[in-house]
2 protein chains.
Amino acid sequence: MSYKTILTALLVCCTSFIYAESIESPNRQLKLDFYIESGIPYYSLSFKGETVIGKSRLGFEMMNVPSMKDEFSLRNAHVSSFDDTWEPVWGEVKEIRNRYNELEVLLEQGNPKREVIVRFRLYDDGMGFRYEFPKQKDLSYFTIAEELTEFNLGKDYKAFWIRGDYDTNEYSYTTSQLSEIAEKIKDATEAIPAQSPTKELAVQTPLMLKGDSIYINIHEAALKDYPAMVLKLDDKNFVLSSLLTPDPLGGKGRLQTSSQTPWRTILVSDKAADLLASKTILNLNEPNKIKNTNWIKPMKYVGVWWEMFVPNGKNWAYADTTNIKLDSINYRQLKPTGKHAATTENVKKYIDFAAKNGFDGVLVEGWNIGWEDWFGHMKEYVFDFVTPYPDFNVNELQQYAADKGVKLIMHHETSASVPNYEQHMDTAYQFMKKHGYDALKSGYVGKIIPYGEHHYGQTMVNHYLKAIEKAADQEIMVNAHEPVRPTGMHRTYPNYLAAESARGTEYEALEYINPDHQTILPFTRLMGGPMDYTPGIFQTDLSYYDPTVKKRVNTTLAKQLALYVTMYSPLQMAADLPENYERFPDAFQFIKDVAVDWDDTRILEAEPGDFITIARKAKGTNDWYVGSISDENKRRSEISFDFLDDGKDYIATIYADGPNADYEKNPQSYTIKKYRVNNKSKLNQPVARSGGYAISIKEAKSSREIKNLKRL
Amino acid sequence: MSYKTILTALLVCCTSFIYAESIESPNRQLKLDFYIESGIPYYSLSFKGETVIGKSRLGFEMMNVPSMKDEFSLRNAHVSSFDDTWEPVWGEVKEIRNRYNELEVLLEQGNPKREVIVRFRLYDDGMGFRYEFPKQKDLSYFTIAEELTEFNLGKDYKAFWIRGDYDTNEYSYTTSQLSEIAEKIKDATEAIPAQSPTKELAVQTPLMLKGDSIYINIHEAALKDYPAMVLKLDDKNFVLSSLLTPDPLGGKGRLQTSSQTPWRTILVSDKAADLLASKTILNLNEPNKIKNTNWIKPMKYVGVWWEMFVPNGKNWAYADTTNIKLDSINYRQLKPTGKHAATTENVKKYIDFAAKNGFDGVLVEGWNIGWEDWFGHMKEYVFDFVTPYPDFNVNELQQYAADKGVKLIMHHETSASVPNYEQHMDTAYQFMKKHGYDALKSGYVGKIIPYGEHHYGQTMVNHYLKAIEKAADQEIMVNAHEPVRPTGMHRTYPNYLAAESARGTEYEALEYINPDHQTILPFTRLMGGPMDYTPGIFQTDLSYYDPTVKKRVNTTLAKQLALYVTMYSPLQMAADLPENYERFPDAFQFIKDVAVDWDDTRILEAEPGDFITIARKAKGTNDWYVGSISDENKRRSEISFDFLDDGKDYIATIYADGPNADYEKNPQSYTIKKYRVNNKSKLNQPVARSGGYAISIKEAKSSREIKNLKRL
């Protein structure tokens, strides 16, 4: 590690002086400039000599202490570099190199003097910077009124965006120039059960931007004890600035020294694929804090879930009551509707299916009392997380699943009543472990209680982490729905397998999902961490369940297969009904085969909003899986198999759209073909409108295996 | 029970018609009129033919549904009467008669029709009324924007008031005409650690009013799942109206049918003593819900407490650290200050003292980690309620107290971080029971977390009750500090022994308490339930501890004794230091003797703000105790002993102010004299400025006992 201290004592007395310091990325393509001008700190960033982020302000407005936005002088600066390689507990690659050059500037301001550190880290594919408030005499407790961080783009980029909102990320993405956002934002504000769009013109992070041969992604890393950031847009000058999620009293971060903000991240490349491969957000997070991780296992699962979304489907609730008062319910006396999904009998069917097809887990939603009237009225107490409905036998199912070698996955819908959940959490987690559950899907549907809090405020950010930490203490893996968008914290807490925090498959039944959605998600929401997208819908035409309901999943069947590879997650659901998989056993074979943990990943083709093709090498094997998806346009995918070992033969099974496949007209048309491939092979594969293909590639164990196969 | 149904079908169609219905109290002194005029419901109340409450509006503004304030018509009305007698688990009297006449009016309004019931109950000494929202088709969930209930006094009464505030009742009382409140309210707004004075001109309940030979008290009963009410004052027309405590989103009660408001209570008499004796607020509460009550025991206690308030005193905190971050503390590594009060050794001293003097319990504050930096910064996590400081040995003290037959009393300061407390509550209560504690003092110092909630909002009202219910499940008695002011809920939950919710003895050391304070409290705060006032300070001059600190307890020593009788509570502390009691063993004898549970109570003299004299008969005995206190003026108290049994002789020990006693100049001067008394005896006793006297009266067991005693 190289180390340099720059003493700037001469400059301290004179804040109008421009102090400047620069560092470059290890590959020297990125250059960061930091300077103080008339007491205001600024930074800028260039890529290959071209400005990416122009002169951009740093600082804070405060609520209960003087602002920390100007009158700054530099006390000292350190430059250092770091290079290390670490192994994730699970992930897209086996090893991750963490190499950066760092500039740490210690600024002081005000009278009496108060200190803040800004720490910049330059990686080959981007940068991160954060503010740190060291322990000091004249700053202890403080509440932020606003963080003033700017991202001065200075250009009208094409953006892949959803509206800035303090409670939801479940909007459809819009692709437009930054200058067009204002006119499009109303249409982009779809109705979501709990939403708080910002009054200011703003977009969510991760924000994906595309310019002339440049791709930029802005997000944050290691969001902890701080509100999530939305990006306010000045669409005249193309300057983004931070807008933090407020608490009910308007505070935007209640901190005590020593403390720090999350990292603000800017990823930059002239190749879109580089951004998908970036590990900078993970690297900016703290190393794994869980000592024993042998209980943390990537997994594939099925579950009692999609049958409650399809037309004419079943329910979470056991009984049908109107305006029921919780404290007056005796479930044994209620008349069941007969539409309750989470019955002992039905769950056994899923356990049988999981066992037969090699799935690790079975999720069951709607097993516990409270669903008769749980949502939309901000009730403080709905669920207790431990009391099953009369038709769900916890002990019997525990035994049945254990006998079949399948794990049941717990479901805790909190109804966004967070103090209630925290009050029951210890008992609920103990209940899980007692009954053989070691994975949890949590949910935060509805407006947050405490009243006035937001899903992305500091209190909630702390809550999600508390839940993950408490789960880790009990050796429980977590899949959180409706939490704050991930920021790479799964490096630190690898029991945090996946999250929702975006528009997932459920919207195919609830509203709609645009055909380009899955080609944008990896460049946006997935930059922060895995998503429980729940792919695998084979019966895409939902009028199948009720001819009067004209709804469809807007993909081909083959694209659903490809999502298991393009949409990285260590937790993957086969979301469709068992009976639908049984109708297409040959296609289902890919879902049975595909891995959920990887030693290597190659981004073969990538263009946000258009297409993505990815190859991944299954953990501890020589098998590869490829997924390729398109947007609403048909295309040809051209890939090389040069990622395969030299001199070896493989068998590639290609699950592709049929010749006339089309997500609207012919979604279930697919072909399955086997080829002999090696690292010289190439594929030129047609892809349908919102179509895709998936390939499983296994090393040939003998020449006999491949002798009848066509060479690709 | 008489029962009458009035069908008013003919009137329903015509809302401008004036419908009127009346009922009288059983003694016919109070008369209630209810009527609808132009669709608006009103009530009025008269006492002995004179109007007490003039035409006063009823109704609601709503947030998310149409208002329920006009366009009302009457669907029907019921008149009934009720007479029953019940025995409290503990109290001022052995039996309580619950006798009232009731008018229930079912109103409907709007299109589609929505229903509300107003239920009036007239007692001999006052009335209660509440709104009820029955289960109905077109009203299920609703949020109140404001309750419009008026109390149209129409006269400029003398009021004993504190400022309307959503977070505190710890102000000093001001005595003034209603018309003078506006000019005095600024001076009356003393600085309190957490306070939210209403923007509107308003006062707290219970509000005590005095007119020409009339006394009126306005409060509420059975406050549950609803925000507490403040009284807004129109000081031109002398109309009070309800102002409910808002939640952070401005809601003032989030309800679901069926539900009801608390009772609004108006007590009326021409004798102040009648109001002190009133059981109407208790009667309006639900009967006891706790089946087995044999673990609920009124008690006297001492504790590690006052020594942390006196000058040069000790601390709750173990170590002295500035701006300490909780997550970085290792208590074993901290250097103790040597001023920590809750040490094993010190607690043993209190246990010894309690055992020697017959006290039931020892309270220990500051036993658990977190006090180094607990208050003033709205930190979500401070206390865990189970981890003792290194110098407090839980197991050793459990054994020591058990060996001496003394109960330790647990202390849970929540730092007003309520979700944190609820999260730890189950474990904390289990910890108590495991370690032999069966009584709890809880505290809610500081601004409430969740941010923007108030101590008196619906969420907090629900929290306090949840804590009491959970404590009852574990057979734990509760003494809550800084909760919402009591409204008689101790009838329903008799494990709720006492509360603070007013300016108590601690303010004698922190700021000051006015000499008339204790003569007002029984007419105000204590109307709703017992207060843990913590009397018994013998060393009233606090410069005793530090000559530079010119602070004093603003009473004489004898008045401190009298408070054990005048300030009713089943939980009474002897708050001073053991060494101070040892300096005055003869006076201390009264505190050792005085009972905390009673078969009978007689209000002998009472004038709010001036003086109170009360006699009480100790539970299950023939012993009586008398307490008499004065305000800042000296006076003569004249009482008769006619409450004693006819034909019996008693020994009365009178603990009185010394001839020159004065709360400022000579507070520790007292005399103790014994007399022979019977039910013909009379006493004419001088009382010093802010002075008092206490009498213990025991039946003479033999003539020998009394033969040398002077007859009174």
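The questions and answers below go through a predicted model with chains A and B.

Residues are numbered from 1 along each chain as its sequence is written, while chains are lettered from A and ligands numbered from 1 in the order in which they are written. Local features need pLDDT of at least 70, side-chain atom pairs count only at pLDDT 80 or more, and totals for chains, interfaces and linings use all residues, with side-chain values resting on heavy atoms and leaving out hydrogens and water.

Me: Which kind of axis relates chain B to chain A?
Reply: Chain B is superposed on chain A, with an RMSD of 0.0 Å, by a rotation of 180 degrees with 0.0 Å of shift along its axis, the fit being by least squares on the C-alpha atoms of residues with pLDDT of at least 70 in both copies. That is the relation of a two-fold axis.

Me: In chain B, which residue has the C-alpha nearest the axis?
Reply: The axis in question is that of the rotation of 180 degrees that superposes chain B on chain A. The C-alpha nearest to it in chain B lies 2.0 Å away and belongs to Gln423(B).

Me: What percentage of the contact residues of chain B recur in chain A?
Reply: Contact here means heavy atoms within 4.5 Å. The same surface serves both copies, and the share of contact residues of chain B that recur in chain A is 100%.

Me: How are helix 7 of chain A and helix 7 of chain B oriented to each other, roughly parallel or roughly antiparallel?
Reply: Helices (H or I, at least four residues) and strands (E, at least two) are DSSP runs, numbered from the N terminus, and axes are lines fitted to C-alpha atoms, for helices over the stretch in contact, with angles from 0 to 180 degrees between N-to-C directions. Helix 7 (residues 418-434) of chain A packs with helix 7 (residues 418-434) of chain B at an angle of about 25 degrees, their axes being 8 Å apart. Angles under 35 degrees count as roughly parallel, over 145 as roughly antiparallel, 65 to 115 as roughly perpendicular and the rest as oblique. Helix 7 of chain A and helix 7 of chain B are therefore roughly parallel.

Me: How many charged residues does the contact of helix 7 of chain A with helix 7 of chain B have?
Reply: Pro419(A), Glu422(A), Gln423(A) and Asp426(A) meet Pro419(B), Glu422(B), Gln423(B) and Asp426(B). Ala, Val, Leu, Ile, Met, Phe, Trp, Tyr, Cys and Pro count as nonpolar, Asp, Glu, Lys and Arg as charged, and the others, Gly among them, as polar. Besides two nonpolar and two polar residues, the number of charged residues in this contact is four.

Me: Which strands stand at the edges of the open sheet of seven strands in chain B?
Reply: The order of this sheet is 30-31-32-37-34-35-38, with mixed pairing, where two strands pair if DSSP finds at least two bridges between them. Each edge strand has a single partner strand, so one side of each is left without a neighbour in the sheet, and these are strand 30 (598-607) and strand 38 (710-711).

Me: In strand 32 of chain B, which residue is the bridge partner of Ala615(B)?
Reply: Strand 31 (residues 611-618) and strand 32 (residues 624-630) of chain B run antiparallel and are joined by seven bridges. The bridge partner of Ala615(B) in strand 32 of chain B is Val626(B).

Me: At what angle does helix 11 of chain B run to strand 32 of chain B?
Reply: Helix 11 (residues 557-566) of chain B lies across strand 31, strand 32, strand 34 (650-657), strand 35 (670-677) and strand 37 (692-699) of chain B. Its direction relative to strand 32 of chain B is about 125 degrees.

Me: How many nonpolar residues does the contact of helix 11 of chain B with helix 13 of chain B have?
Reply: The two helices pack at an angle of about 10 degrees, with their axes 10 Å apart, which makes helix 11 of chain B roughly parallel to helix 13 of chain B. Leu557(B), Leu561(B), Tyr564(B) and Val565(B) of helix 11 make the contact with Ala587(B), Phe590(B) and Ile591(B) of helix 13. With no polar and no charged residues, the number of nonpolar residues is seven.

Me: Which residue does a cis peptide bond join to Asn111(A)?
Reply: Most peptide bonds are trans. The cis bond from Asn111(A) has an omega of about 0 degrees, and its partner lies in the loop between strand 8 (96-109) and strand 9 (114-123) of chain A. That partner is Pro112(A).
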